[in-house]
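Work through these exercises with the model open. Try each task before you read its solution.

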Amino acid sequence: GFICYAANAVQLRDPELRSTLAWSTFQQSMIFNNLESAMQYRRSCLGRGHGTPNIVTLDQLTMLTSMGVAKYLSPNGAPASLGQMPITSTAQYKKLVQFHQSFNNFYVKKDDPGYGGLWAEVSDLWQRMRKAKQEREAFMEEIKYFQEQMDEIEKEEGP
């Protein structure tokens with residue numbers, strides 16, 4: 001079960017530092033005998049709608065963070081974590097980064113100071129489409145004008 005708060009387990013030469021340095025460092029972190037007791041306490045708190053502080057267990061040198069990630073020391077002494085991986089560690093994120101890099105390598109021209117080859121082409125195409133639309137509208141106005149002129153001539157000549 002519960003042993004003590006981590007700040008109280010720290011042995012300092014100056015006892016005054018416990019209430020300042022130790023508590024500000026460890027805050028509400030708790031020490032439990034074993035992981036099973038720590039998990040039981042965590043489930044009980046979460047079931048009542050309360051969060052938990054970081055919890056350290058002595059049996060497996062495990063720390064349950066307040067977010068629910070279990071951190072422990074692996075056999076070679078390197079820290080390891082269990083729980084949700086950061087998004088940057090997922091296979092999907094790595095594939096997205098790889099696609100983005102290959103997309104840029106394929107479409108971005110190294111000598112282009114702007115957005116790159118594809119974007120320059122898209123921008124140029126967009127500008128040409130807008131110009132063509134304006135020219136078409138002007139041409140349609142001319143056709144409309146000539147159609148009106150022809151209608152006037154037909155009226156004057158009669159059937």
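Two rings of Phe, Tyr or Trp (its six-membered ring) pair if their centres lie within 6.5 Å. Keep in mind that the model is predicted.

**Exercise 1.** Find the residues that form one aromatic cluster.

Solution. The cluster is made of Phe2, Tyr5, Phe32 and Tyr41. How many aromatic pairs does the structure hold? There are four.

**Exercise 2.** Classify the pair of phenylalanine 2 and tyrosine 5.

Solution. A pair of aromatic rings is described by the distance of the centres and the angle of the planes. Step one: the centres of phenylalanine 2 and tyrosine 5 are 5.5 Å apart. Step two: their planes meet at 70°. Planes over 60 degrees apart count as edge-to-face, so this pair is edge-to-face.

**Exercise 3.** Do the same for tyrosine 145 and phenylalanine 146.

Solution. Their ring centres lie 5.5 Å apart. The planes stand at 65°, so the pair is edge-to-face.

**Exercise 4.** Decide how exposed these four paired residues are.

Solution. Partly exposed means between 20% and 50% relative accessible area. Phenylalanine 2 has 41%, so it is partly exposed. Tyrosine 5 has 29% and is partly exposed. Tyrosine 145, at 45%, is partly exposed. Phenylalanine 146, at 49%, is partly exposed.

**Exercise 5.** Locate the nonpolar surface patch that includes Leu125.

Solution. Leu125, Trp126 and Met129 form the patch. Together they have about 340 Å² of accessible area. Leucine 125 lies in helix H5, residues 117-157. Its relative accessibility is 44%, so leucine 125 counts as partly exposed.

Definitions and conventions. Residues numbered from 1 in each chain as written. Predicted model: local features only at pLDDT ≥ 70, side-chain atom pairs only at ≥ 80, totals over all residues. Heavy atoms only, no water. Patch = residues over 30% accessible without salt bridge, like charges linked within 9 Å, V, L, I, M, F, W, Y side chains within 5 Å. Areas by Shrake-Rupley, 256 points an atom, 1.4 Å probe, with all protein chains shown as cover. Salt bridge = Lys/Arg side-chain N within 4 Å of Asp/Glu carboxyl O. Helix = DSSP H or I, 4+ residues; strand = E, 2+ residues; numbered from the N terminus. Buried < 20%, exposed > 50% of the residue type's maximum accessible area, 1.4 Å probe, protein only. Phe/Tyr/Trp six-rings, centres within 6.5 Å; stacked < 30°, edge-to-face > 60°.
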